[in-house]
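Open your viewer, switch to a cartoon view, and get ready to click through the chain one stop at a time. Keep the selection box handy.

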Amino acid sequence: AHPTLQDYVLGSLMMSIFWYVVFFIAGMYQNWHLRSPFDEFFAVIKTSFSGCFIIVLFLLSDDKTNSFRLLFLLYFVIMTSCFVIFRFIARRIQIYLRKTKIIKIPAIIVGDLDSVVKFYSKSQENISWGFEIKGFIFTEAGKEEIDKKLSEQNMDILLNLGHVDEFLFIIKNNPVEEIIFAAKKPDPEMLIDLATLCENKGIRVKIEPNLYAHFTGQSRTQNIYGIPLIEINTCLQKPWESFMKRAFDIFFSFFVLLLGLPFWIIIAIIIKLDSDGNVFYTQPRVGKNNKLFMIYKFRSMVQDKRKDAQTAAWTKVGDPRVSKFGKFIRKTHLDEIPQFVNVLIGDMSVVGPRPEQPKFAEEFAAQLPYYNRRHLVRPGITGWWQVKYKPHVLDLDEIKNRIKDDFYYIENISIRFDFEILIRTVWCVLRGHGQA
């Protein structure tokens, strides 16, 4: 029977949905109009190759399909050509809309007077960037003096929104989509504080390249084609990478819990015989986006009846609270096994920064304003810091060292890196690497 009009419509709808899902998973619906057209071109080729390969695999199940190579090549060439042409047209339309100011990106420039004025002048010369500068926030004091200098350069003094000390108040009263940092001699701590405020407000952050060193390790960066800026991007993984990481977490956790169930039961019995108290220990921890959750562990200490979270304390080397069997499971990290339940329900990941107690997290964040950026990802049972650390005591230097490792993981997060950490973890367990 010949296909009907309804068949064509249904088929077209299904293919549109399929390609939308493929391009979404590949991260192709991000802000590509500011990226290099060459980057986009090769990304389209890789994505269309993957999609065409999946479709042809389904077609191979049809006995009437004979020439696999010819079919794949023909479909790949046609679809890739269409995608490239349509995206090129969309890019040109976006550039035209920005030039005519139909599309605008409200932004505020932060920095010293000279740097702010220079970048503002560049943005006015390059209308296709799409920036609509709402004003300036200065890191220099003296509003009257700054107004005078702006007037001398024939610039509107109303663009002077105030000093950086009023940053939060200014962005509340001047809603924008982006904050651009431009400064000759930036204060690293101030930049990180302001970037954190922007992140909490959902405002995109862009910096001039000479400031990049002050943000390294805080989040991933993306070079912006044609604009002398680097975007601080808190989207650390592509959608397909996030999906794969979560799928691996679920599969691996289920496998560990189910395969080792008899062994975990034996551990539970020994804990009960070794000392009085519950088999499991629960404690509030800070997770992704600063959300609190209850972490599960095999109890390795004598029964802790403290109710007040303010008395929480890190375990010390040779801590007298650790039971005899508890010392063994802490050294081998077997006390962490129940945390795979946390992974299954989505509170944690197999690999990630170690979750901290709320009391300590608040104290560390007060002393280190960028501390909470480690909560951009799910905390992990194991992680880069966990496989490297040595017996430690609670102090600010230790936390700074831990944060460096956590930021290194966040900056380089990938499936490959997770596997490397897991292999290192196995070695740590065999060596009795844990602190007890």
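What follows is a short tour of this predicted model, with something to select at each stop.

**The whole chain**

Begin with everything selected. How many helices and strands does the chain have? There are 14 helices and eleven strands. Of the 436 residues in the chain, 46% are buried. Now show the surface: the chain exposes about 24,300 Å², and carbon and sulfur atoms supply 63% of that area. Among contacts between residues at least 6 apart in sequence, 73% join residues at least 24 apart.

**A nonpolar patch**

Next, select L10, L13, M14, I17, Y20, V21, F24, I25, Y29, W240, F243 and M244, and keep the surface on. These residues form a nonpolar patch on the surface, with about 1,200 Å² of accessible area together. Two elements each give two or more residues to the patch: α1 (5-25) and α8 (239-259). Which of the elements gives the most to the patch? The answer is α1, with eight residues. Zoom in on Y20, which is found in helix α1. Y20 counts as partly exposed, because its relative accessibility is 47%.

**A helix with two faces**

Select helix α12, residues 358-367, and colour P358, F360, A361, F364 and A365, which are buried. They lie on the same side of α12, because they cover an arc of only 160 degrees around the axis. An α-helix has 3.6 residues a turn, so residues three or four places apart point the same way. Turn to the face away from the buried side of α12 and you will find the exposed residues E362 and A366. What do the buried residues of α12 pack against? Add β8 (280-286), β9 (292-298) and α13 (396-411) to your selection to see these partners.

**A stop at F325**

Select F325 in helix α10, residues 324-331. F325 has a relative accessible area of 15%, so this residue is buried. Leaving out residues up to four places away in sequence, F325 touches I267, I270, I271 and D274. Try the distance tool on the C-alpha atoms of F325 and I270: they are 7.6 Å apart in space, though the two residues are 55 apart in sequence.

**Salt bridges**

A search of the whole structure finds 17 salt bridges, and three are worth a visit.

- Select R87 and E40, a salt bridge whose closest N and O atoms are 2.9 Å apart. R87 lies in helix α3 (residues 68-99) and E40 in helix α2 (residues 37-59), so the pair ties together parts that are 47 residues apart in sequence. Both R87 and E40 are buried.
- Select K149 and E145, where the closest N and O atoms of the salt bridge are 3.6 Å apart. These two are separated by about one helical turn, because they are four residues apart in helix α5 (residues 143-152). K149 is partly exposed at 35% relative accessibility, and E145 is partly exposed at 48%.
- Select E177 and R204, a salt bridge with its closest N and O atoms 3.3 Å apart. The pair links distant parts of the chain, with E177 in the loop between α6 (167-173) and β4 (178-182) and R204 in strand β5 (residues 204-207). Now add E178 and K206: together with E177 and R204, they are linked in a network of salt bridges.

**Last stop: cysteines**

Finally, select C82 and C428. C82 counts as partly exposed, at 30% relative accessibility, whereas C428 counts as buried, at 4%. How many disulfides are there? The count comes to zero.

Terms used: Residues are numbered from 1 along each chain as its sequence is written. This is a predicted model: local features need pLDDT of at least 70, side-chain atom pairs count only at pLDDT 80 or more; totals for chains, interfaces and linings use all residues. Side-chain values use heavy atoms; hydrogens and water are left out. A disulfide is a pair of cysteine sulfur atoms within 2.5 Å. Buried means under 20% relative accessible area, exposed over 50%, partly exposed in between (1.4 Å probe, protein chains only). Patches are made of residues with over 30% relative accessible area and no salt bridge: like charges are joined within 9 Å, nonpolar side chains (Val, Leu, Ile, Met, Phe, Trp, Tyr) within 5 Å. Accessible areas come from the Shrake-Rupley method with a 1.4 Å probe; for residues, only the protein chains shown count as cover. A salt bridge is a side-chain nitrogen of Lys or Arg within 4 Å of a carboxyl oxygen of Asp or Glu. Contact means heavy atoms within 4.5 Å. The arc is that of the directions from the helix axis to the C-beta atoms.
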